[in-house]
Amino acid sequence: MPASSFCAIDFGTSNSAIAIPAAGGAGMRLVELEPGYRTMPTAVFYFTEGRHDADGPPRAFGRAAVAAYVEGSDGRLMRSMKSILGSGLIEQTTDVGGGHGVKYFDILAGYLKRLRNQALAAGAAAPLDQLVLGRPVFFVDEDPARDAEAQASLKAAAQAVGFRQVEFQFEPIAAAFDYESKISEERIVLVADIGGGTSDFSVVRVGPQRMQRLDRRDDILANHGVHIAGTDFDRHIELASILREFGYRSLGPARGDSPPREVPSGVYFDLATWHLINTVYNPGRIAELRGMKSFYGNPLHHQRLMTVVEDRLGHELAGRAEDAKIAVSGGGDTEIDLGLVENGLRVPLSERVAVDSLQADIGRIVQAGRETVTQAGLRPDQIDALYFTGGSTGLRLLADRIAAEFPTAQAVRGDAFASVATGLGLHAARLFAQ
């Protein structure tokens with residue numbers, strides 16, 4: 001077996017990347033998965049029309065998948081697939097259009113297969129059957145059995161597409177390895193890896209004299225995390241702004257002496273949760289929602305809601321909530337264009353509304369960072385550096401709140417989308433390179 005027949009995959013909730021040995025054995029490099037990009041969205045689009053073969057209906061991956069959806073192609077977009085790990089959905093079959101069903105497990109495996117094929121096409125040595133996979137500190141909070149099931153499912157998916165030997169490394173530990181490669185002295189670093197699905201923290205002792213040690217267990221002082229991150233932020237912002245225009249938290253008509261009741265909220269939580277959006281499009285669910293017109297005090301709210309579910313616009317609304325979050329993440333206000341639902345419909349989003357909607361989640365994330373340092377047996381002033389990675393660390397309020405807990409630590413920003421993959425690649429080289 002060629003010594004370089006290995007790789008590392010950062011399979012993220014929002015974006016993924018794969019690292020392979022560089023030519024001539026000079027370290028590791030990230031594969032260009034799409035023109036000009038070393039990461040790509042963790043997204044698959046199943047086209048309703050077209051030939052079905054052993055691999056199911058034709059698919060698009062990454063940015064092409066998102067573009068197919070935005071351009072109105074007939075089919076189904078799958079995102080945030082990592083979120084189903086540890087849930088009962090993993091072995092269930094979902095309709096992807098044209099009367100064709102696919103298991104969620106096979107959707108996940110198909111995405112890993114795409115990454116593996118991209119790596120082989122980019123020059124990785126065959127058979128490419130050794131893999132380091134990143135994983136969050138917790139796939140599932142406070143449930144060790146389900147957490148173990150989540151890792152087992154991800155390992156099984158990797159093995160199903162040709163990876164014979166699969167090893168795991170915590171994503172924030174991998175980010176620490178990336179940080180370690182850029183410093184010249186020993187430091188104690190708190191890694192804050194806040195992505196789309198989880199917020200993970202690790203306290204790690206790093207330094208140039210430690211880099212080549214294969215066993216780093218003594219340098220990992222603590223790990224902790226919570227299953228709250230970017231997609232949760234998107235959901236809260238969508239509920240606080242966009243979905244108010246569709247009836248969320250609105251009141252129904254007064255009936256006799258009874259006060260008006262709030263309209264049922266279940267459909268709105270499903271519309272704001274990526275991996276549940278498609279459940280709203282079930283014909284039975286649509287019929288149920290259509291029959292709820294009398295529940296609404298403002299008929300326009302119900303009319304807009306039915307436009308969303310009948311025209312399958314839920315993913316587009318979720319995408320616009322994500323864009324709005326990004327627009328206000330550095331400060332300031334924005335406006336969300338909802339003209340696809342109703343001509344001229346626009347919703348303002350102020351930084352204050354966004355901040356208020358995220359306060360509880362940010363508080364839990366910050367608390368997880370504090371608990372991690374406590375578990376390491378350290379005081380806040382003993383942390384030398386904060387290393388921020390993951391797309392959600394771009395949210396100014398969140399990064400500032402974490403930094404305020406460790407005022408003497410140097411704040412360092414890694415590559416939001418690539419530092420974990422880079423660190424996983426470094427770990428893979430130490431494990432597998434001969």
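Which side chain does arginine 346 meet in a salt bridge? In this predicted model, the partner of arginine 346 is glutamate 335, at 2.7 Å from N to O. The legends below describe close-up views of the model.

**View 1. The salt bridge between arginine 346 and glutamate 335.** The side chains of these two residues meet at 2.7 Å, N to O. Arginine 346 belongs to strand E16 (residues 346–349) and glutamate 335 to strand E15 (residues 334–337), so the pair ties together parts that are eleven residues apart in sequence. Arginine 346 is partly exposed, at 41% relative accessible area. Glutamate 335 also counts as partly exposed, with a relative accessibility of 45%.

**View 2. Salt bridges of the loop between strands E3 and E4: glutamate 34 with arginine 63, and arginine 38 with aspartate 415.** Glutamate 34 and arginine 63 meet through their side chains at 2.5 Å, N to O. This pair links distant parts of the chain, 29 residues apart: glutamate 34 is in the loop between strand E3 (28–30) and strand E4 (40–41), and arginine 63 is in helix H1 (residues 62–70). Glutamate 34 is buried, with a relative accessible area of 11%, whereas arginine 63 is partly exposed at 28% relative accessibility. In the second pair, the side chains of aspartate 415 and arginine 38 meet at 3.5 Å, N to O. Aspartate 415 lies in the loop between strand E18 (410–413) and helix H12 (419–432), and arginine 38 in the loop between E3 and E4, so this salt bridge ties together parts that are 377 residues apart in sequence. Aspartate 415 is partly exposed at 34% relative accessibility, and arginine 38 is partly exposed with a relative accessible area of 41%.

**View 3. A salt-bridge network of Glu186, Arg205, Arg210 and Asp219.** Salt bridges link these four residues in a network. A search of the whole structure finds 26 salt bridges.

**View 4. The surroundings of phenylalanine 61 in strand E6 (residues 59–61).** Phenylalanine 61 has a relative accessibility of 10% and therefore counts as buried. Leaving aside neighbours within four places in sequence, phenylalanine 61 is in contact with Glu34, Met40, Ala43, Val44, Gly110, Tyr111 and Arg114. Proline 41 is 20 residues from phenylalanine 61 in sequence, and their C-alpha atoms are 7.9 Å apart.

**View 5. The open sheet of three strands, in the order E6-E5-E7.** The pairing in this sheet is antiparallel. E6 and strand E7 (75–79) stand at the edges with a single partner strand each, so one side of each has no neighbour in the sheet. On average, and with direction ignored, neighbouring strands are turned by 15° against each other. Strand E5 (residues 43–47) and E6 are joined by three bridges. Tyrosine 46 stands opposite arginine 59 in E6. Helix H2 (residues 104–121) lies across E5, E6 and E7, and runs at about 60° to E6.

**View 6. The open sheet of five strands, in the order E14-E13-E12-E17-E18.** The pairing here is mixed. Strand E14 (220–226) and E18 occupy the edges; each has a single partner strand, so one side of each is left without a neighbour in the sheet. The twist from one strand to the next averages 20°. Strand E12 (residues 187–194) and strand E17 (residues 385–389) run parallel and are joined by five bridges. Valine 189 stands opposite alanine 385 in E17. Two helices are shown with the sheet. H10 lies across E12, strand E13 (199–206) and E14, at about 160° to E14. Helix H11 (residues 396–405) lies across E12, E13, E17 and E18, at about 160° to E17.

**View 7. The largest nonpolar core, of 71 residues.** The residues with the most contacts inside this core are Leu243, Phe246, Tyr268, Ile365 and Ile383. Helix H10 (residues 351–375) gives the most to the core, with seven residues. Not counting residues up to four places away in sequence, phenylalanine 246 touches Tyr268, Tyr296, His301, Arg304, Leu305, Val308, Leu317, Leu338, Val341 and Leu345. A second, separate core has 41 residues, including Tyr46, Ile84, Leu128 and Ala158.

**View 8. Helix H4 (residues 171–180), a mostly covered helix.** Ten of the ten residues of H4 are buried. Among them are Glu171, Asp178 and Glu180, together with Phe177 and Tyr179.

Definitions and conventions:
Residues are numbered from 1 along each chain as its sequence is written. This is a predicted model: local features need pLDDT of at least 70, side-chain atom pairs count only at pLDDT 80 or more; totals for chains, interfaces and linings use all residues. Side-chain values use heavy atoms; hydrogens and water are left out. Helices (H or I, at least four residues) and strands (E, at least two) are DSSP runs, numbered from the N terminus. Buried means under 20% relative accessible area, exposed over 50%, partly exposed in between (1.4 Å probe, protein chains only). Contact means heavy atoms within 4.5 Å. A nonpolar core is a set of buried Ala, Val, Leu, Ile, Met, Phe, Trp, Tyr and Cys residues joined through side-chain atoms within 4.5 Å. Two strands pair if DSSP finds at least two bridges between them. Axes are lines fitted to C-alpha atoms, for helices over the stretch in contact, and angles run from 0 to 180 degrees between N-to-C directions.
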